[in-house]
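Trainee: I have a model open and would like to learn how to read its features. Where do we begin?

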Amino acid sequence: MRPGEVALPFDPGSATDAGLCFIGHLRTPWTRGRCPKNLREARALGGDCQARINAPFRPGLQGLSPGQAVILLYWTGAARRDLIVQQPAHRDRPTGTFALRSPARPNPIALAVVRLLDLDAENGTLIFDALDAYDGTPLLDLKPWLRSVDVPPETGAD
């Protein structure tokens, strides 16, 4: 742990509150130690970024089309789950996990808003503009990004 970090007194990974099933996996050029920290970096680096959807879930791709923005939820299960306060290298002081996009969190679920470039629903292959996940990362869900729903009202702060 880095100075200022705080760990939970229990392992969130031992909870049995929810049952999840992976609908597929992400295919990327990234590996541990060689992965962009965020989508901005991933877009700058480029690379082949795909999702492979498991056969039973492929009918759920109906209605998606190239060019639209989609939200991916994926499982970063290799990350620590016990850090509730973290000291990121880019911050000058410790910060609560829920104020960060770090993969280290009680439920290691990552979110990405990406552009769907192409899809082959029959084979379950979706191609995206970028991904910031290791190759083989499990995919939990895929949702359309909707401007009328997903853009918060103006508050003057960001």
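Mentor: Begin with one residue, and remember that this is a predicted model. Take Asp 129, which has 24% relative accessibility and therefore counts as partly exposed.

Trainee: Which salt bridge does Asp 129 form?

Mentor: Look for a side-chain nitrogen of Lys or Arg within 4 Å of a carboxyl oxygen of Asp or Glu. Here Asp 129 pairs with Arg 43, and the closest N and O atoms are 2.5 Å apart.

Trainee: Which parts of the chain does that pair tie together?

Mentor: Find the element that holds each residue. Arg 43 sits in helix 1, residues 39-45. Asp 129 sits in the loop between strand 8 (125-128) and strand 9 (138-144). The two parts are 86 residues apart in sequence, so the salt bridge ties them together.

Trainee: Is Arg 43 buried, exposed or partly exposed?

Mentor: Partly exposed, at 38% relative accessibility.

Trainee: How many salt bridges does the whole structure have?

Mentor: The search finds five. One of them joins the side chains of Arg 93 and Asp 92, at 3.6 Å from N to O. Another joins Lys 143 and Asp 141, with an N to O distance of 3.6 Å.

Trainee: How do I read the exposure of Arg 93 and Asp 92?

Mentor: Over 50% relative accessible area means exposed. Arg 93 has 55%, so Arg 93 counts as exposed. Asp 92 has 69%, so Asp 92 counts as exposed too.

Trainee: And what about Lys 143 and Asp 141?

Mentor: Lys 143 is partly exposed at 38%. Asp 141 is partly exposed at 28%.

Trainee: Let's turn to cysteines. How many disulfides are there?

Mentor: A disulfide is a covalent bond between the sulfur atoms of two cysteines. The test is a sulfur pair within 2.5 Å. By this rule the count here is zero.

Trainee: Why is Cys 49 not bonded to Cys 35?

Mentor: Check the distance between the sulfurs. The cysteine sulfur closest to that of Cys 49 belongs to Cys 35, and it is 9.4 Å away, which is too far for a bond. From the other side, Cys 35 is in no disulfide, and its nearest cysteine sulfur is that of Cys 49.

Trainee: Are these two cysteines buried or partly exposed?

Mentor: One of each. Cys 49 is buried, with a relative accessible area of 3%. Cys 35 is partly exposed, with 23%.

Trainee: Now the pockets. How much space lies in the largest pocket?

Mentor: About 1400 Å³. To place it, find the residues closest to its centre. They are Lys 37, Arg 101, Ser 102, Pro 103 and Ala 104, out of 39 lining residues.

Trainee: Which elements give two or more residues to that lining?

Mentor: Strand 4 (69-75), strand 5 (83-86) and strand 7 (109-120). Strand 7 gives the most, with three residues.

Trainee: What is the chemical character of the lining?

Mentor: Sort the residues by class. The lining of the largest pocket has 20 nonpolar, nine polar and ten charged residues.

Trainee: One last residue. Where is Thr 76 found?

Mentor: Thr 76 is in the loop between strand 4 and strand 5. Its relative accessibility is 16%, so Thr 76 counts as buried.

Trainee: Which residues does Thr 76 touch?

Mentor: Leave out residues up to four places away in sequence. Thr 76 then touches Pro 103, Pro 108, Ile 109 and Ala 110. You met Pro 103 above, among the residues closest to the centre of the largest pocket.

Definitions and conventions. Residues numbered from 1 in each chain as written. Predicted model: local features only at pLDDT ≥ 70, side-chain atom pairs only at ≥ 80, totals over all residues. Heavy atoms only, no water. 1 Å grid on protein atoms, 1.4 Å probe; cavity = no way out; pocket = protein on both sides within 12 Å on 5 of 7 lines; lining within 4 Å. Points joined across faces, edges and corners; volume = space filled by probe spheres on them. Helix = DSSP H or I, 4+ residues; strand = E, 2+ residues; numbered from the N terminus. Nonpolar A, V, L, I, M, F, W, Y, C, P; charged D, E, K, R; others polar. Buried < 20%, exposed > 50% of the residue type's maximum accessible area, 1.4 Å probe, protein only. Contact = heavy atoms within 4.5 Å.
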